[in-house]
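Please walk through this model in the viewer, one selection at a time. Each stop says what to select and what is there.

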Amino acid sequence: MKIDDNFYMKLAIDEAWKYQLITYPNPAVGCVVVKNGEILSIEAHKEAGQAHAEVNALKAAYLKKYPNDVLKTKKSSHDIHEYLIKNHNNFFADCEIYVTLEPCNHIGKTPSCANLLKELKPKRVIIAHEDTNKQASGGIQTLESVNIDVSLGCMKKEAYDLLYPFIKWSSGTFVFYKMAQTLNGCIDGQVSSKMTQLYVHTLRDKIDLMLIGGNTVRTDKPTLDARYIAGRAPNVMIYSKNKIFDNNIPLFKVPNREVIISDDLFKLLDYKFVMVEGIYNLMDILKERIDYMILLVSPKIRNGINALNEIDMDFEIVHENFIGEEKIVYLKKKPSFE
């Protein structure tokens with residue numbers, strides 16, 4: 001295996017994918033710090049409002065060499081920034097910083113990562129993709145203003161796939177379809193493990209709207225909350241031409257949530273971040289509106305409902321990972337051409 005910029009950047013991209021969608025409304029970003037060929041840290045941005053990937057990586061790198069330093073007591077992004085600027089003692093001067101997205105150049109809920117790197121003056125900063133957010137862009141120029149060697153475009157296509165949800169919800173609506181199945185495609189009954197269910201509830205806590213089919217609501221009588229993580233229950237849109245439902249179904253009894261019953265898919269455009277939970281019937285109805293599909297594959301074979309529709313959709317696998325023993329596959333819908 002060749003140890004080059006692509007090798008280190010792939011580590012950063014893979015780390016960021018662990019937090020994909022969970023960082024909403026921020027993008028998922030990964031960062032790797034290398035010092036004289038030694039990997040000191042592999043970190044990511046984990047949740048909006050918390051430290052960015054670069055800050056987590058710089059802190060972890062410093063503590064790799066000085067494990068008992070008072071820096072380990074610093075939790076907030078502001079405190080970590082301030083401490084590193086005052087105490088770095090040129091530690092990062094021979095470091096290379098690999099980051100999947102151009103370091104932010106503005107002060108928001110957290111300080112500017114570009115300004116932090118400007119003070120630390122690493123030998124080199126390798127960036128996969130420029131920032132598409134005009135408010136946060138300009139980090140490259142800030143780094144170059146103090147003669148830091150900046151490289152742009154390493155694994156740019158893979159970084160774009162990582163960034164794509166952020167680009168979509170920043171400019172309109174991002175819709176992703178979540179479906180769980182066994183190895184042989186069985187989609188009914190209890191398919192997912194507890195660990196995977198925790199992940200799904202984490203996603204529910206972040207989204208603006210959940211879309212589900214009316215038949216699924218009538219049959220399964222779900223709650224559709226985020227109780228496994230004590231999270232926020234999302235608003236729900238039930239796609240149904242028949243507006244009559246049993247009000248004793250648990251999802252109607254969750255406080256502080258709006259439930260819409262409609263067959264007007266244009267309502268989705270009123271939201272930024274939409275998750276669809278369903279099976280093939282709903283997928284067929286939504287096939288022109290789906291941006292991503294998250295497929296959770298359980299390593300077992302079961303007898304049950306399988307693909308019943310003649311659906312013609314093509315996807316590109318943009319990332320694969322594991323949640324415990326189950327596989328998670330992120331798929332981006334390929335454009336359809338006549």
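Start by selecting L101 and H129: H129, in β4, is the bridge partner of L101. This is a predicted model, in which local features need pLDDT of at least 70 and side-chain atom pairs count only at pLDDT 80 or more, while totals for chains, interfaces and linings use all residues. Residues are numbered from 1 along each chain as its sequence is written, and side-chain values use heavy atoms, with hydrogens and water left out.

Widen the selection to β3 (residues 95-101) and β4 (residues 124-129). Strands here are DSSP runs of E of at least two residues, and helices are runs of H or I of at least four, numbered from the N terminus. Two strands pair if DSSP finds at least two bridges between them; β3 and β4 run parallel and are joined by 5 bridges.

Now add strand β1 (residues 30-35), which runs antiparallel to β3 and is joined to it by 5 bridges. Within this pair, V32 stands opposite Y98 of β3. Is β3 mostly covered or not? It is mostly covered, with 7 of its 7 residues buried (under 20% relative accessible area with a 1.4 Å probe, protein chains only; exposed is over 50%, partly exposed in between).

Next, select helices α2 (residues 53-65) and α3 (residues 77-87). Their axes come within 10 Å and cross at roughly 50°. Axes are lines fitted to C-alpha atoms, for helices over the stretch in contact, and angles run from 0 to 180 degrees between N-to-C directions. The crossing angle makes α2 oblique to α3 (under 35 degrees is roughly parallel, over 145 roughly antiparallel, 65 to 115 roughly perpendicular, and the rest oblique).

Show the side chains of V55, L58, K59 and Y62 on α2, and of S77, I80, H81, L84 and N87 on α3: these residues make the contact (heavy atoms within 4.5 Å).

Move on to the open sheet of 8 strands, ordered β9-β8-β7-β10-β6-β11-β13-β12 with mixed pairing. At its edges are β9 (259-262) and β12 (315-323), each pairing on one side only. Neighbouring strands are turned by 20° against each other on average, direction ignored.

Inside this sheet, pick β7 (residues 209-213) and β8 (residues 235-239), which run parallel with 5 bridges. L211 has M237 of β8 as its bridge partner.

Finish with helix α7 (residues 194-206), which packs on the sheet and touches β6, β7, β10, β11, β12 and β13. The direction of α7 makes about 140° with that of β10 (273-277).
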